[in-house]
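Work through the exercises below with the sequence and the 3D structure at hand. Each task is followed by a solution in steps.

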Amino acid sequence: MKSINILLLVFCSTFVFAQNDSSSTKIDSLEKKSYKPTGIRIGTDALSIARNFYSKTFNGWEVNADVDFNRFFLAVDYGHWARTYGGDNGDYDNSGNYFRAGVDVNFLTKDPEQNMFFIGGRYGQSTFSEHMRIVGVEDEIWGSLDKELYNTNVRGHWFELTTGLRVKMWKYIWMGYTARFKFGLSTNETGEMVPSDVPGYGRTDKESTWGFNYQIFFRIPVRKTPVPPATKK
């Protein structure tokens, strides 16, 4: 129920923005739309980079890109993720790569600075390996034993609902955030244990989870950006 309430809140906020933009939409409907890309933005997640310095259990990075097709943006993410946990009874580690691909819909269609408030969706997929070492397993015959478990070349996939902002800071530099609601995780493990942590998704003991990225983009112009028409009163 908590997940459903969160989704309703996201979509209600989308409806409000859509209502505020309704006058612009009516004007657009009377004009010929152009779906030729005007630019490509390439960036990275600043939070992933920061976590490499303050987190003892995480190592990774992520690259982001999007291409505009009028109010629709084709978005692609690619990243690396490694986790290491240790304790008195053993340790765990994993390492792998992931990608996400999907579409964002911009609700600020008349902003001359091309800022964005968007709602979108992603398909995510990860390929990774993991290892767990358990110390002090008690056996009735052999006594205390150490045990090691492996999963190699595991694939996981999931879906995401996204929302966020992109704001022009200076010339070709944009900054903003993306909030992600992740759900529908599925894995194809064939090893000795159930996957514990999927790169790009997170812990597998949760049916759904949240993610957050704070991103910095550099925009490469492809063609001259059309000047938005004046709003008719």
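**Exercise 1. Decide whether Gln114 is buried, partly exposed or exposed, and describe its backbone.**

Step 1. The relative accessible area of Gln114 is 24%. Step 2. The classes are buried (under 20% relative accessible area), exposed (over 50%) and partly exposed (in between), with a 1.4 Å probe and protein chains only. Gln114 is therefore partly exposed. Step 3. Gln114 sits in the loop between S4 and S5; strands (E, at least two residues) and helices (H or I, at least four) are DSSP runs numbered from the N terminus. Step 4. The phi of Gln114 is near 60 degrees, a positive value in a residue other than glycine. Most residues other than glycine have a negative phi.

The model is predicted: local features need pLDDT of at least 70, side-chain atom pairs count only at pLDDT 80 or more, and totals for chains, interfaces and linings use all residues. Residues are numbered from 1 along each chain as its sequence is written, and side-chain values use heavy atoms, with hydrogens and water left out.

**Exercise 2. Place Glu113 and find what it touches.**

Step 1. Glu113 belongs to the loop between S4 and strand S5 (116-139). Step 2. Glu113 counts as partly exposed because its relative accessibility is 39%. Step 3. Leaving aside neighbours within four places in sequence, Glu113 is in contact (heavy atoms within 4.5 Å) with Lys168 and Trp174. Step 4. From C-alpha to C-alpha, Glu113 and Val167 are 8.2 Å apart in space, while 54 residues separate them in sequence.

**Exercise 3. Compare the settings of Trp170, Lys171 and Thr38.**

Step 1. Trp170 is in strand S6 (residues 143-170). With a relative accessibility of 57%, Trp170 counts as exposed. Its C-alpha atom is 9.9 Å from that of Phe218, 48 residues apart along the chain. Step 2. Lys171 is found in the loop between S6 and S7, and its phi, near 50 degrees, is a positive value in a residue other than glycine. Step 3. Thr38 is in the loop between helix H2 (22-29) and strand S1 (39-45). Thr38 is buried, with a relative accessible area of 4%. Thr38 and Ile220 are 182 residues apart in sequence, yet their C-alpha atoms are 8.8 Å apart.

**Exercise 4. Describe the whole protein, then its largest nonpolar core.**

Step 1. There are 3 helices and 10 strands, in the order α-α-β-α-β-β-β-β-β-β-β-β-β along the sequence. Step 2. Of the 233 residues, 35% are buried. Step 3. Among contacts with a separation of 6 or more, 65% join residues 24 or more positions apart. Step 4. A nonpolar core is a set of buried Ala, Val, Leu, Ile, Met, Phe, Trp, Tyr and Cys residues joined through side-chain atoms within 4.5 Å. The largest one has 8 residues: Phe58, Trp81, Tyr98, Phe128, Val154, Trp158, Val198 and Tyr201. Step 5. Beyond residues up to four places away in sequence, Phe128 touches several others, including Val154, Val198, Ser95 and Pro199.

**Exercise 5. Describe the second largest pocket and the second largest cavity.**

Step 1. On a 1 Å grid over the protein atoms alone, a cavity is a set of points where a 1.4 Å probe fits but cannot get out; a pocket is an open set with protein on both sides within 12 Å along at least five of seven lines, and lining residues have an atom within 4 Å of a point. Grid points are joined across faces, edges and corners, and a volume is the space filled by probe spheres set on the points.

Step 2. The second largest pocket has a volume of about 410 Å³. Its lining has 25 residues, with Arg51, Trp81, Lys182, Gly211 and Phe212 nearest its centre. Elements giving two or more residues include helix H3 (46-54), strand S3 (72-87) and strand S10 (208-221). S10 provides the largest share, 5 residues.

Step 3. By class, this pocket lining has 9 nonpolar, 7 polar and 9 charged residues. Here Ala, Val, Leu, Ile, Met, Phe, Trp, Tyr, Cys and Pro count as nonpolar, Asp, Glu, Lys and Arg as charged, and the others, Gly among them, as polar.

Step 4. The structure holds 2 cavities of 30 Å³ or more. The second largest cavity has a volume of about 50 Å³, and among its lining residues are Asn64, Asp77, Arg122 and Phe217. S2 gives the most to this lining, with 3 residues. By class, the cavity lining has 3 nonpolar, 3 polar and 5 charged residues.
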